[in-house]
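These entries record what I looked up in the structure shown below. I kept them in the order in which I consulted the model.

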Amino acid sequence: ASARVHLLIDLAKVGRWPGVRDVLLAVPPPLQGHYASAIPAPRRYNVLHFAAEQGKDAVVRDLLRFQADPCKLTRPVDEWDHPAAASFLAEKRGKNPTLALALEE
């Protein structure tokens with residue numbers, strides 16, 4: 001399971017969204033949201049965080065249908081970093097305030 005989560009994050013990091021979708025579809029439905037929301041050590045982001053940061057509206061909607069957790073915070077990397085929700089990443093880094101509002105609902 002852990003290898004699959006790392007694969008998902010690797011695919012999301014470089015924007016290979018069809019691959020992310022294929023991997024999630026291969027996971028039993030009750031676990032899809034867990035996989036899309038997981039942040040295994042030493043990772044900082046989950047799949048939803050990358051989609052939000054990249055401003056990918058359709059991908060975020062797909063991930064929410066897979067039950068990804070929009071309230072899950074990023075993992076801080078040091079004492080100067082702060083955790084962030086996907087909505088913050090969508091607005092500040094993805095430059096997509098509409099997506100940010102949708103994630104806050």
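**Entry 1: Leu 7**

Is Leu 7 buried, partly exposed or exposed? I found a relative accessibility of 40%, so Leu 7 counts as partly exposed; the class lies between buried (under 20% relative accessible area) and exposed (over 50%), with a 1.4 Å probe and protein chains only. Leu 7 belongs to helix α1, residues 2-13. Helices here are DSSP runs of H or I with at least four residues, strands are runs of E with at least two, and both are numbered from the N terminus. I also looked up the spacing of Leu 7 and Val 20: they stand 13 residues apart in sequence, and their C-alpha atoms are 8.4 Å apart in space.

**Entry 2: the model and its confidence**

I note that this is a predicted model, in which local features need pLDDT of at least 70, side-chain atom pairs count only at pLDDT 80 or more, and totals for chains, interfaces and linings use all residues. Residues are numbered from 1 along each chain as its sequence is written, and side-chain values use heavy atoms, with hydrogens and water left out.

The pLDDT is the predictor's confidence in each residue, from 0 to 100. For the protein chain I read a mean of 90, with 95% of its residues at 70 or more. Among the elements, helix α2 (residues 17-25) has the highest mean pLDDT, 97, and helix α7 (residues 97-104) has the lowest, 81.

**Entry 3: helices α5 and α7**

Two packed helices are described by the angle between their axes and the distance between the axes. I therefore looked up both values for α5 (residues 57-65) and α7: the axes come within 11 Å and cross at roughly 10°. This makes α5 roughly parallel to α7. Angles under 35 degrees count as roughly parallel, over 145 as roughly antiparallel, 65 to 115 as roughly perpendicular and the rest as oblique. The axes are lines fitted to C-alpha atoms, for helices over the stretch in contact, and angles run from 0 to 180 degrees between N-to-C directions.

Which residues of the two helices meet? On the α5 side I listed Asp 57, Val 60, Arg 61 and Leu 64, and on the α7 side Leu 99, Ala 102 and Leu 103. Contact means heavy atoms within 4.5 Å. By class, the contact of α5 with α7 holds five nonpolar, no polar and two charged residues. In this scheme Ala, Val, Leu, Ile, Met, Phe, Trp, Tyr, Cys and Pro are nonpolar, Asp, Glu, Lys and Arg are charged, and the others, Gly among them, are polar.

**Entry 4: salt bridges**

Side chains of opposite charge can pair when their charged atoms come close. A salt bridge is a side-chain nitrogen of Lys or Arg within 4 Å of a carboxyl oxygen of Asp or Glu. By this rule I recorded four salt bridges.

One of them joins Arg 21 and Asp 62, at 3.9 Å from N to O. Arg 21 lies in helix α2 and Asp 62 in helix α5, so this pair ties together parts that are 41 residues apart in sequence. Arg 21 is partly exposed at 36% relative accessible area, and Asp 62 is partly exposed at 21%.

Asp 62 also pairs with Arg 65, with the closest N and O atoms 2.7 Å apart. Both lie in helix α5, three residues apart, about one turn of the helix. Arg 65 is exposed, at 59%. Through shared partners, Arg 21, Asp 62 and Arg 65 form one network.

A further salt bridge links Arg 61 to Asp 57, at 3.6 Å between the closest N and O atoms. The two are four residues apart in helix α5, about one helical turn.

**Entry 5: backbone and buried residues**

Most residues other than glycine have a negative phi, and most peptide bonds are trans. I noted a cis peptide bond between Ala 41 and Pro 42, with omega about 5°; Pro 42 lies in the loop between α3 (29-37) and α4 (47-53). Gln 67, in the loop between α5 and α6, has a positive phi near 75°, and Gln 67 is exposed at 58%.

Where does Gly 33 lie? I located Gly 33 in helix α3, buried at 8% relative accessibility. Gly 33 touches Phe 66, Gln 67 and Ala 68, not counting residues up to four places away in sequence.
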